[in-house]
Amino acid sequence: MAYIQNGRHALRQIIKETNVQQSHDRLMQPLFYACQGIRYRKLDVILTTSIEKLGKAGETVKVAPGYFRNHLMPKLLAVPNIDKFAYLIKEQRKIYQPKEEEVQVVTKNVEDKSKVYEKAAYRLLNGRLVLRRSINVEKFRARSTKDDPIELRSPVAKDEIVAEVARQLCVQIDPENLHLPTPLETFGLFDVQLRMPKSIPLPEGRYNWTLKVKIRGK
């Protein structure tokens, strides 16, 4: 909307500054000849602003005389396609043509990606995942001693750990990044081994990446 208003203002200003003589002969447009018996099916006009389904600003299009007279011309949306108006439109677009901003695409190289992976790996190594699960009541009551492990009502699989890692630690991993041969079935603290890219250096004194998973009752 601001571009349309500026375009109209520029057109009026340029017409005023160029001192176009508004004589009867020079302002006689093909539109008015139609009233004198000469038939014009379509008029060539220059659009001052972009109009949907018609054309872009500065383009020459053909329109019906009535559409130009009643809609386009009163709102300065278009002008007749003659030399003086073509010059004015050209000057208008020089002043108010919007400049396209150049978007700089920042590409990440291999080193940047390695740093991101390394940061995520350390977050997993130093973090702790806490899961709350219900116990298996029947097996809990059937324990022979209090030292027997408390079994869960439903085991914890890889997909659940992946989802909780994303929620609690804000790190996106795939199930393939976890080395978990069997689901976790009891309460306790577990060190789940992680499969990380070999390009990420391990901390001194460690031989693998692990994630601490704490499972406790609700």
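pLDDT is the predictor's confidence in each residue, on a scale from 0 to 100. This is a predicted model, and its protein chain averages a pLDDT of 76, with 70% of the residues scoring at least 70. Local features here need pLDDT of at least 70 and side-chain atom pairs count only at pLDDT 80 or more, while totals for chains, interfaces and linings use all residues. Residues are numbered from 1 along each chain as its sequence is written, and side-chain values use heavy atoms, with hydrogens and water left out.

**Confidence**

- Confidence peaks in strand 8, at a mean of 93, and bottoms out in helix 2 (residues 30-33), at 44; helices (H or I, at least four residues) and strands (E, at least two) are DSSP runs, numbered from the N terminus.
- Residues 19-39 stay under a pLDDT of 50, and the model gives them 20 contacts beyond four places in sequence, a contact being heavy atoms within 4.5 Å.
- Residues 100-106 also stay under 50, with zero contacts beyond four places in sequence.
- Where pLDDT is low, don't read the predicted coordinates in detail.

**The three-stranded sheet**

- This open sheet runs in the order 2-1-3 with antiparallel pairing, where two strands pair if DSSP finds at least two bridges between them.
- Its edges are strand 2 (60-63) and strand 3 (78-80), each pairing on one side only.
- From one strand to the next, the twist averages 45°, with axes fitted as lines to C-alpha atoms (for helices, over the stretch in contact) and angles running from 0 to 180 degrees between N-to-C directions.
- Strand 1 (residues 43-47) is joined to strand 2 by four bridges; Asp44 sits opposite Lys62, and Ile46 has Thr60 as its bridge partner.
- Three bridges tie strand 1 to strand 3, with Leu47 partnered by Ala78.
- Strand 1 is mostly covered, with four of its five residues buried; buried means under 20% relative accessible area, exposed over 50%, and partly exposed in between (1.4 Å probe, protein chains only).

**The four-stranded sheet**

- The other open sheet has the order 4-9-8-6 and mixed pairing.
- Strand 4 (128-133) and strand 6 (178-179) are the edges, each with pairing on one side only.
- Helix 7 (residues 158-169) packs on this sheet and touches strand 4, strand 6 and strand 9, its direction making about 120° with that of strand 4.
- Strand 8 (residues 188-194) and strand 9 (residues 209-217) run antiparallel, joined by seven bridges, and Leu189 stands opposite Lys214.

**Asn177**

- Asn177 is in the loop between helix 7 and strand 6.
- A polar atom of the Asn177 side chain lies 2.8 Å from the backbone nitrogen of Asp174.
- Leaving out residues up to four places away in sequence, Asn177 touches Gln193, Leu194 and Arg195.

**Nonpolar cores**

- A nonpolar core is a set of buried Ala, Val, Leu, Ile, Met, Phe, Trp, Tyr and Cys residues joined through side-chain atoms within 4.5 Å.
- The largest core has 23 residues, and Leu124, Leu129, Ile161, Val165, Leu211 and Val213 touch the most other members.
- Elements giving two or more residues to this core are helix 5 (110-126), strand 4, strand 5 (151-156), helix 7, strand 8 and strand 9.
- Beyond its neighbours within four places in sequence, Val165 contacts Leu124, Leu129, Cys170, Val171, Ile173 and Leu211.
- A second, separate core has ten residues, among them Val45, Ile51, Val63 and Leu77.

Technical notes:
Polar contact = N/O pair within 3.5 Å; in protein donor to acceptor, adjacent residues only side chain to side chain.
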